[in-house]
Every structure is written in C-alpha cells, then in structure tokens.
Amino acid sequence: MTIRVVDAPRPGHDRSSDGRPFSVVDELNCYLDSPAEPNNVQLEVWLPGHLSPERLRAAVAAALADVPAARARRAAGTWWRAGYAWEFPPEADANPVSVTGWRTEAELGAARTRFLAAAPDLDRSPPFRLLLAQGPGWDSLILNAHHAAFDGRSCVRLLRLIAARYSGGQRREALAQERGSVARPRSGSPAIAPRTVSGSRRSGLPLPSWNTARIASEHADRRAARGAPGYGLRLLEWPGVPAAPPPQSRVTVNDLLIAALIETITRWNTARRRRTGRIRISMPVDTRLAGRGDELGNLSRLCTVTVDPSRVADLTLAVAGQTRQAKSRPGPLVGPAQAAVARTRLPAGVKRGLLRLALRSVGTIRCDTSLLSNLGNITDPPKFETLTPTRMWFSTSAHMPRGLSVGAVTVGGRLSLCFRYRNALLDAASGRDFAAEYAAALSALAGEGTGR
C-alpha cells in the first residue's frame with residue numbers, strides 16, 4: 001500500500017512582502033523538531049462515507065487562497081541568522097493532499113503512523129499536510145500540522161474551513177481569517193512548562209520540581225528500544241462522556257482526564273517498581289482573546305498541575321482546584337530559561353543545539369511527567385457536505401524525557417482519546433497496556449465511567 005500525491009509540488013519560492021518575525025514560541029517549536037521527534041499536531045476525522053479526492057484538493061486550494069495564515073512558510077535566510085521569520089506567499093509551494101487506501105484498521109493505523117512520522121517542512125508552504133485514507137465504507141481524513149504554526153484548536157478551524165469550501169460554502173467565513181497571523185506573540189508547548197500550580201495535603205507551598213516522576217519505560221526488547229526514533233499511537237474510544245461522581249459538582253471532564261492520567265502513571269510505575277513521587281502534568285490553556293477564537297496559530301499557554309498522589313486525600317478535587325487557579329490567572333508565555341535561549345543573538349542553529357542539550361541534561365529533573373490536551377466538546381465538527389464526523393482524534397508531540405501525551409476530544413456525545421508515545425519509552429504492546437490502564441483509572445474516578 002503506497003501513499004500517492006494528488007498533485008506534484010511546485011518548486012521555488014515566490015517573493016512575499018508580508019514577512020513577520022517568529023515569536024519566541026515559534027522559535028522554540030522549531031528547535032524542538034527533529035527526525036526522531038517530529039513536532040507536529042494530529043487531527044483526524046472519521047467520515048461515514050467517501051470524499052472525492054479531486055473535490056478535496058479543490059477545497060484545500062480554495063481555503064489556502066482565502067487564508068494567508070494557512071499558507072505560511074519560513075522565510076529563507078543565512079545559517080547564522082539569529083531568528084526566523086514567516087512569509088505568506090501568494091500561492092502554496094506544494095499541494096498538501098495525498099491519498100491512500102486501507103482494508104483493515106490495522107492498515108489504517110500503519111498509514112497513520114507513516115504519515116505522522118515527520119512534521120511538515122516549514123520551508124515549503126503550507127505548514128500542514130492532509131492524508132485522505134479511504135477504506136471499505138468510510139474514510140479517515142488526517143491532518144498533520146507543524147506545531148510552530150498550529151495548535152489543536154487551529155487544526156479544528158482549518159478543517160472547518162476546508163469542509164466549508166468542499167460543501168460549497170461562501171468566502172465570508174474564511175475572510176474573517178485575514179486578521180489572523182501565525183506570527184503574533186503567543187504561547188505553545190515547550191518541553192518545560194512555564195507556570196506551575198501545586199497541590200499537597202500537608203501545605204500550600206510549591207512542590208520542588210527536582211522530584212518529578214518519569215513514566216517507567218517498558219519494551220519487550222530493551223536493546224532495540226534504546227534510542228528508538230519516532231512515535232507510536234493508541235486510540236481509545238469512550239462510550240460517552242465521563243461524569244464526575246456527586247457531590248463534586250465543580251469537577252470538570254478535563255479535571256477527570258488529568259486525574260486519571262496521574263492515577264495511571266502511579267499504577268504503572270508502582271507495578272514496575274519505579275518511584276512515583278510528584279507527578280507533573282502539562283495542561284494547555286487557550287489564550288485567544290474574546291471574539292478572536294477563530295485565529296490560526298499556536299495560541300495555547302502551558303500550565304502545570306503538580307500532585308503527589310500519596311499526599312492528597314482526593315486526587316480529582318486536588319486537580320480541580322489547580323486547574324481553576326491556572327485558568328483564572330494569567331501566566332508567562334514560556335519559561336525564563338527558554339525565553340533567554342530564544343532571544344539571545346546566537347545563530348538559530350546554535351540555539352537549537354543548546355535547547356536540545358538542556359533537554360538531555362536537565363530535562364529529566366525539570367520536564368513535566370506527561371501532557372494532557374483536551375479540545376473539549378466540538379459541537380460544530382467539520383462537515384463535508386452530508387458527511388458529519390462520527391469520531392475525531394487529536395494528539396500532539398511528546399518529546400523525551402516526557403515521552404507520552406494524551407489528546408482528548410468529544411464529538412457526538414462520545415469522548416475519543418489518543419495516546420502518543422515515544423518509541424524510546426514504550427513499544428506497541430506497552431502502549432496498548434498503558435491505554436488500558438488509563439481506561440480502568442478513568443472508570444474508577446468517573447463512577448464506573450457512565451456518560452452524561
């Protein structure tokens with residue numbers, strides 16, 4: 001089974017007068033991208049029917065023509081430049097749509113893994129790629145977007161724009177994007193979260209970060225796992241939407257998901273005789289201003305929820321208290337150390353090396369344990385003419401030493417979870433076992449996992 005490109009890329013760069021410097025977060029997300037750890041965002045929709053590849057191609061071209069931010073690329077420059085800049089060419093350099101076929105979900109999974117094995121090249125517009133995977137009875141449309149240019153909500157918005165053009169929608173919806181830019185200062189998902197809120201039964205003092213738990217690595221063949229590149233993915237379908245058991249009325253679904261991840265890591269490490277201690281979970285918070293919720297870009301600020309499960313009386317309530325605090329208070333876009341690296345007047349290649357060296361040296365004591373990103377309830381999913389998604393899947397990168405992230409999205413009253421893990425941390429069997437452990441933990445915390 002091969003992936004074929006619908007249209008050949010158009011070589012060369014056209015000049016663009018609308019160049020903008022990368023923000024600090026843009027820079028950091030470029031530095032974090034590597035062949036072993038592609039810094040990309042996945043958004044996938046399952047459609048109860050078949051799309052026309054030709055019409056999809058035309059719809060993507062129309063959306064790119066309407067929205068300059070969607071066709072951004074990194075401007076050319078010398079090796080010793082201190083930073084990068086966005087430019088917005090009048091036309092995309094490459095057609096981002098490819099098509100493949102599948103007969104079983106195992107084949108679909110293999111095609112997905114291959115497609116997400118590399119982030120889109122920022123030097124060629126647009127900074128995203130689409131795979132139309134056509135199977136017996138239904139299609140999967142998978143978006144692979146570079147994290148320097150898109151976050152999860154931007155990916156949803158982009159698919160809505162494409163779906164509207166596929167369905168013959170008017171340009172007025174897309175033209176609202178003209179004010180948006182992938183280059184305004186914003187936050188993202190650097191490996192070291194900038195803001196921490198902590199929960200402890202013994203005191204209200206912040207918990208030190210040097211005792212951060214790491215997820216226990218597990219492979220059937222440990223030698224093969226050493227330095228293994230790339231990611232594995234595991235999809236988990238939930239029968240409804242998990243509900244907080246009464247009387248915890250102030251606990252949200254997001255709180256339950258984070259608490260279940262903390263509980264899962266505790267169980268996982270305990271069963272493998274690994275220290276658990278303080279668990280730190282990165283949680284993205286949308287920073288879009290009121291009335292500008294449709295902007296494209298990476299516009300999420302990372303907060304960190306820190307809990308030592310052995311020191312709290314109620315895990316879910318401890319998480320809920322911290323998430324309320326994180327959402328109600330503004331915080332820095334990135335941590336001071338990361339900002340200093342991005343802003344120093346060294347060549348960008350040198351700064352990239354410094355950041356990756358820091359991850360390898362101090363990352364094991366400074367990086368968060370894991371990340372959970374919840375897009376929430378998508379009440380208006382991308383609808384392609386008469387085809388409304390039956391499932392949506394979302395995931396983001398998980399650089400080592402964190403090594404695992406969980407993406408959550410709810411559509412049609414059903415929660416879908418995608419576990420993305422580094423192959424250097426878990427193998428396929430361990431990824432399946434971790435997802436099963438999470439399902440058990442979420443069921444326990446949600447009162448048998450009943451929907452509401």
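The following exercises, each with a worked solution, concern a predicted model.

**Exercise 1. Ser34**

Determine where Ser34 is found, whether Ser34 is buried or exposed, and which residues Ser34 touches.

*Solution.*
- Step 1. Locate the residue: Ser34 belongs to the loop between helix H1 (24-31) and strand E3 (40-47).
- Step 2. Read the accessibility: the relative accessible area of Ser34 is 11%. Buried means under 20%, so Ser34 is classed as buried.
- Step 3. List the contacts: leaving aside residues up to four places away in sequence, Ser34 touches Arg352 and Arg356.

**Exercise 2. Phe128**

Describe the surroundings of Phe128, and state how far Phe128 and Arg71 are apart in sequence and in space.

*Solution.*
- Step 1. Locate the residue: Phe128 is part of strand E7 (residues 128-134).
- Step 2. Apply the cut-off of 20% for buried residues. Phe128 has 1% relative accessibility and therefore counts as buried.
- Step 3. Examine the contacts: when residues up to four places away in sequence are not counted, the residues that Phe128 touches include Val60, Leu64, Pro96, Leu143, Phe150 and Leu158. Ala70, Pro120, Asn144 and Ala145 are also among them.
- Step 4. Set sequence beside space: Phe128 and Arg71 are 57 residues apart in sequence, while their C-alpha atoms are 8.6 Å apart.

**Exercise 3. Strand E11 and its partners**

State how many residues of strand E11 are buried, and identify how E11 runs relative to strand E12 and strand E13.

*Solution.*
- Step 1. Consider the covering: strand E11 (residues 279-286) has six of its eight residues buried and is thus mostly covered.
- Step 2. Pair E11 with E12 (residues 300-307): the two strands run antiparallel and are joined by eight bridges. Within this pairing, Pro284 has Leu302 as its bridge partner in E12.
- Step 3. Pair E11 with E13 (residues 370-377): here the strands run parallel, with two bridges between them. Ser282 stands opposite Leu371 of E13.

**Exercise 4. Salt bridges across the chain**

State how many salt bridges a search of the whole structure finds, and analyse the pairs Asp93 and Arg73, Arg414 and Glu237, and Arg280 and Asp368.

*Solution.*
- Step 1. Recall the principle: side chains of opposite charge can pair when their charged atoms come close.
- Step 2. Give the total: the search of the whole structure finds 18 salt bridges.
- Step 3. Analyse the pair of Asp93 and Arg73: their side chains meet in a salt bridge with an N to O distance of 2.8 Å. This pair links distant parts of the chain, 20 residues apart, with Asp93 in the loop between strand E5 (85-87) and strand E6 (97-101) and Arg73 in strand E4 (residues 73-74). Both Asp93 and Arg73 are buried.
- Step 4. Analyse the pair of Arg414 and Glu237: the salt bridge between their side chains has an N to O distance of 3.7 Å. Because Arg414 lies in strand E16 (residues 414-422) and Glu237 in strand E10 (residues 231-237), the pair ties together parts 177 residues apart in sequence. Arg414 is partly exposed at 27% relative accessibility, and Glu237 is partly exposed at 38%.
- Step 5. Analyse the pair of Arg280 and Asp368: the closest N and O atoms of this salt bridge are 2.9 Å apart. Arg280 lies in strand E11, and Asp368 lies 88 residues away in the loop between helix H11 (363-366) and E13. Both Arg280 and Asp368 are buried.
- Step 6. Note the network: Glu37, Arg356 and Arg422 are joined into one network by salt bridges that share partners.

Conventions:
Residues are numbered from 1 along each chain as its sequence is written. This is a predicted model: local features need pLDDT of at least 70, side-chain atom pairs count only at pLDDT 80 or more; totals for chains, interfaces and linings use all residues. Side-chain values use heavy atoms; hydrogens and water are left out. Helices (H or I, at least four residues) and strands (E, at least two) are DSSP runs, numbered from the N terminus. Buried means under 20% relative accessible area, exposed over 50%, partly exposed in between (1.4 Å probe, protein chains only). Contact means heavy atoms within 4.5 Å. Two strands pair if DSSP finds at least two bridges between them. A salt bridge is a side-chain nitrogen of Lys or Arg within 4 Å of a carboxyl oxygen of Asp or Glu.
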